[in-house]
Amino acid sequence: MLAAEPPVLTCTTVYSPAETLDLARTLGPLCRGAGDPTEAREPASVAGPPALWRTFRTPQGAATLRLRQAADGSIEARAWGDGAEWIIDGVPELLGAGDDWSDLDLSPSPFLRDAHRRMRGVRLPRTRLVFEAMVPAIFEQKVTVIEAHRAYRQLVRKHGEPAPGPAPAGLTVAPSPERWRLVPSWEWHRAGVDPRRSRTVLAAASVASGLDRTAALGRGGEHVSEKLRSVPGVGAWTAAETMQRAHGDPDTVSVGDFHLHDIVGWALAGKPVDDDGMLELLEPWRGHRQRIMRIILASGFRKPRFGPKMTIQDHRWH
């Protein structure tokens, strides 16, 4: 007679934010493309409003989180898996608790002032899962977003594990550091991940617990960036992308991005600029520069569609 499987740990909470919260836009930076296997959307139905599902690899194990926002703005959170209690405890920070925008002065920019007025519910998420945030950022180094998302999707689906609990079909928990280290070299190649990026993921996996401990140092900053950049292959851009999601850093800017400086330039000055020009435009909001970026990106602003584009390289079958 087969032994019964142990019940899946389930935890619930209701989080009532002190201010208006836009659930989808706040968690938007965590999604890695339309086919991200770690996220799913549940449409509204007679049973209730739409829901957002995400998986996480917590220090206690895998967790599935389902978030649904009620008409009064409160968030019903339900989690399953060994990491359910850990992720439920972190729901307020995940949804922007502690992300204080109160002293952000947008009066110098009519564009920012109007955009923020239309999207006041946006907050900076803080997952506290540093290695988990760093891996997809490494995938995005020096390649197009399409390439990076395709590779991440392919490898997570193959080497991750099914989401615990009554999750939507196909929802997957990203591989553990140990599992990333077992991915064969030919599978990295087949997914389109060059040796430099795969070595960086493996280097990060070897110190994953140390990376995750940096979440206890606060909401990012140069002292945290230095620790993240101690991983071979992790530079300022990757550290910034990681801290924005894992630490909830309100000021870090992704210098070195192919498109970001032009988006900022067109939004704030009506012309393209380089990285130095971007930092100059953002300087009046030092301490809030990532919040400025979130306002610009979440507003839907797009730069004019002309100029050189980054070429998609496909070496998977070479």
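Lys142 is exposed in this predicted model, with a relative accessible area of 66%. The residue is placed in the loop between H5 and H6, and its phi is positive, at about 60 degrees, although Lys142 is not a glycine. Most residues other than glycine have a negative phi. A further case is Arg128, likewise not a glycine, where phi is positive at about 70 degrees. Arg128 belongs to the loop between helix H4 (110-118) and H5. With a relative accessible area of 17%, Arg128 falls under the 20% limit and is therefore buried.

The interior was examined next. The largest nonpolar core comprises 33 residues. Those with the most contacts inside this core are Phe131, Phe139, Leu155, Trp180, Trp188, Leu211 and Leu228. At least two core residues are supplied by each of H5, helix H6 (145-159), helix H9 (195-206), helix H10 (208-213), helix H11 (222-228) and helix H12 (236-246). H5 provides the largest share of the core, with seven residues. The surroundings of Trp188 illustrate the packing: when neighbours within four places in sequence are left aside, Trp188 is in contact with Phe139, Leu155, Trp180, Val183, Val193, Ser198, Val201 and Leu202.

Aromatic residues were then considered as pairs. A pair of aromatic rings is described by the distance of the centres and the angle of the planes. Six aromatic pairs were counted in the model. One of them, formed by Phe139 and Tyr152, is edge-to-face, with 5.6 Å from centre to centre and 85 degrees between the planes. Phe139 lies in helix H5 and Tyr152 in helix H6, so this pair ties together parts that are 13 residues apart in sequence. Phe139 and Tyr152 are both buried. Ring pairs also join Phe139 and Tyr152 with Trp180 and Trp188 in a cluster. Within this cluster, Phe139, Trp180 and Trp188 are among the residues with the most contacts inside the largest nonpolar core.

Enclosed space was assessed separately. One cavity of 30 Å³ or more was found, and the largest cavity holds about 180 Å³ of space. Its lining consists of 15 residues, of which Leu30, Arg54, Glu132, Ala133 and Pro136 are the closest to the centre. Strand E3 (51-58) and helix H5 (130-139) each contribute at least two residues to the lining of the largest cavity. By class, the residues of this lining are seven nonpolar, three polar and five charged.

Among the pockets, the second largest contains about 360 Å³ of space. This pocket is lined by 22 residues, and those nearest its centre are Arg57, Phe131, Pro177, Ala208 and Asp212. Two or more lining residues come from each of E3, H5, helix H7 (177-180), H9 and H10. The largest share of the lining of the second largest pocket, four residues, is given by H5. The lining of this pocket divides into twelve nonpolar, five polar and five charged residues.

Helix H5 recurs throughout this description. H5 supplies the largest share of the largest nonpolar core and the largest share of the lining of the second largest pocket, and at least two residues of H5 line the largest cavity. Phe131 is one of the residues nearest the centre of the second largest pocket and is also listed among those with the most contacts inside the largest nonpolar core.

Key. Residues are numbered from 1 along each chain as its sequence is written. This is a predicted model: local features need pLDDT of at least 70, side-chain atom pairs count only at pLDDT 80 or more; totals for chains, interfaces and linings use all residues. Side-chain values use heavy atoms; hydrogens and water are left out. On a 1 Å grid over the protein atoms alone, a cavity is a set of points where a 1.4 Å probe fits but cannot get out, and a pocket is an open set with protein on both sides within 12 Å along at least five of seven lines; lining residues have an atom within 4 Å of a point. Grid points are joined across faces, edges and corners, and a volume is the space filled by probe spheres set on the points. Ala, Val, Leu, Ile, Met, Phe, Trp, Tyr, Cys and Pro count as nonpolar, Asp, Glu, Lys and Arg as charged, and the others, Gly among them, as polar. A nonpolar core is a set of buried Ala, Val, Leu, Ile, Met, Phe, Trp, Tyr and Cys residues joined through side-chain atoms within 4.5 Å. Buried means under 20% relative accessible area, exposed over 50%, partly exposed in between (1.4 Å probe, protein chains only). Contact means heavy atoms within 4.5 Å. Rings of Phe, Tyr and Trp (its six-membered ring) pair if their centres lie within 6.5 Å; planes under 30 degrees apart count as stacked, over 60 as edge-to-face and the rest as tilted.
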